[in-house]
Amino acid sequence: MPSSHQSQPSTTDFSGLWIPLVTPFRDDAVDHDALHALAVRMRQAGIAGFCACGSTGEAAALSHDEEDAVLSTILDAAGGLPVMMGAADCHLGRMLERVQQLNSRALAALLVPAPTYIRPSQEGLMHWFTRIADASAHPIVIYDIPYRTGATLELATLRALARHPNIVAIKDCGGDAAKTQRLIDEGALQVLAGEDVQIFTSLALGARGAIAASAHAHTDHFVALLRLLSTGQLGAARALWAPLQQHIRASFAEPNPAPIKGWLARQGWMTAELRAPMTPASSAVVDQLCAIQLPQRPRDAQGHESD
Ligand SMILES: O=C(O)C1=N[C@H](C(=O)O)C[C@H](O)C1
């Protein structure tokens, strides 16, 4: 592995905006040039870090060899920013093998969902995440996304998992506002908003950051929004949030990441290709995304603006 891959900071602070990078394709192969250029562009917008091979990265449609190559490209382009890596399976033995393979990579964390389809008990979920956290050289961010996995992590289970020294954060797509609030208040896990529409409320409640697919577009606005919210500048944050909400709604009007890939393609940064069974977004939705006007640039992207 090139030595540049070893220079990733080991961070346990997941504050700020993380981009779950799309995986660009050209003629059904990963387009590494487009991926590299995209990551550099995102980095320059002031994001906190990258997530490789998440749902938005179409990891379910990649082989492990392709995932490893995608990760290498992102690490090369990251310029020292932290990178977390998605790792998912529904077979514990295979999952532990994958964790072992990833132990030698320079990662900030592994992003790990519950096993899909199986719908285990809370005890089964405890076992799943504990075995993975025991085996991982990297901190674990729990990817709580019941509408994709079919498994709901209850608050008591998350509290118990948070006692594991290697389980440090949660990407919260749980859709349960009371659970989100309790997790933030209790502070045992760093909470990252994982649903783009919930960024404002989660951050205003005290979440540390967000992993947001729609932030491939208007990235500097999202960065500014998070800074304003984390410094309590609610008035200025509201003004930024209004147009971003329209953008978020359009980004998820059809299955993610098709609309955002359509937007990226219209910028000339990649093709809009997805791997089956995903299909390209309709031109109506991409037109809608492209038509959304945001102010030129946040007046103070550092979030120093006052209410
Ligand atoms: O890949 C991700 O990480 C994200 N996935 C969500 C999804 O399941 O579609 C959306 C979120 O913006 C980030």
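At which residues does UniProt place the feature "binding site"? The unreviewed entry places this feature at Thr56 and Ile211; UniProt positions follow the numbering used here, feature names are shortened, and annotations may be inferred rather than shown by experiment. The two residues are spread over 156 residues of sequence, yet they cluster in space, with a largest C-alpha distance of 10.3 Å.

The model is predicted: local features need pLDDT of at least 70 and side-chain atom pairs count only at pLDDT 80 or more, whereas totals for chains, interfaces and linings use all residues. Residues are numbered from 1 along each chain as its sequence is written.

The protein chain comprises 12 helices and 10 strands, where helices (H or I, at least four residues) and strands (E, at least two) are DSSP runs numbered from the N terminus. The radius of gyration of the chain is 18 Å, close to the 19 Å that the globule rule gives for 307 residues, so the chain is as compact as a globular protein of that length. This radius is taken over C-alpha atoms, and the rule is 2.2 Å times the number of residues to the power 0.38. Along the principal axes, the C-alpha trace spans about 50 × 45 × 35 Å. Of the 307 residues, 49% count as buried, a term that requires 20 or more other C-beta atoms, placed from the backbone, within 10 Å of a residue's own.

Thr56 belongs to the loop between strand S4 (49-52) and helix H2 (64-77). Thr56 counts as buried because it has 22 C-beta neighbours inside 10 Å. Leaving aside neighbours within four places in sequence, Thr56 is in contact with Pro20, Val22, Ala213, Asn256 and Pro257; contact means that the C-beta atoms of two residues, placed from the backbone, lie within 7 Å. Ile211 is located in strand S10 (residues 209-211) and counts as buried, with 30 C-beta neighbours inside 10 Å. Its contacts, not counting residues up to four places away in sequence, include Trp18, Pro20, Cys51 and Lys171.

The ligand has 13 residues around it, of which Pro20, Gly54, Ser55, Thr56 and Ala213 come nearest; a residue is near a molecule if its C-beta atom, placed from the backbone, lies within 6 Å of it. The shell divides into six nonpolar, five polar and two charged residues.

A second annotation from the unreviewed UniProt entry, "active site", covers Tyr143 and Lys171. These residues span 29 residues in sequence, but no two of their C-alpha atoms are more than 4.8 Å apart, so they gather at one spot. Tyr143 lies in strand S7 (residues 140-144), and Lys171 lies in strand S8 (residues 167-172). Tyr143 is buried, with 28 C-beta neighbours inside 10 Å, and Lys171 is buried, with 30. Beyond four places in sequence, Tyr143 is in contact with Leu111, Val112, Pro113 and Lys171. The corresponding contacts of Lys171 include Tyr143, Asp144 and Ile211, the last of these being one of the "binding site" positions.

The strand that precedes the Thr56 loop, S4, pairs in the parallel sense over three bridges with strand S1 (residues 16-20). Strand S5 (residues 83-86) also pairs with S4 in the parallel sense over three bridges; pairing requires that DSSP finds at least two bridges between two strands. Phe50 in S4 stands opposite Ile19 and opposite Val83 in S5. Gly49 and Cys51 point one way from S4, Phe50 and Ala52 point the other way, and all are buried.

How values were computed: Buried ≥ 20, exposed ≤ 12 C-beta atoms within 10 Å, placed from the backbone. Nonpolar A, V, L, I, M, F, W, Y, C, P; charged D, E, K, R; others polar.
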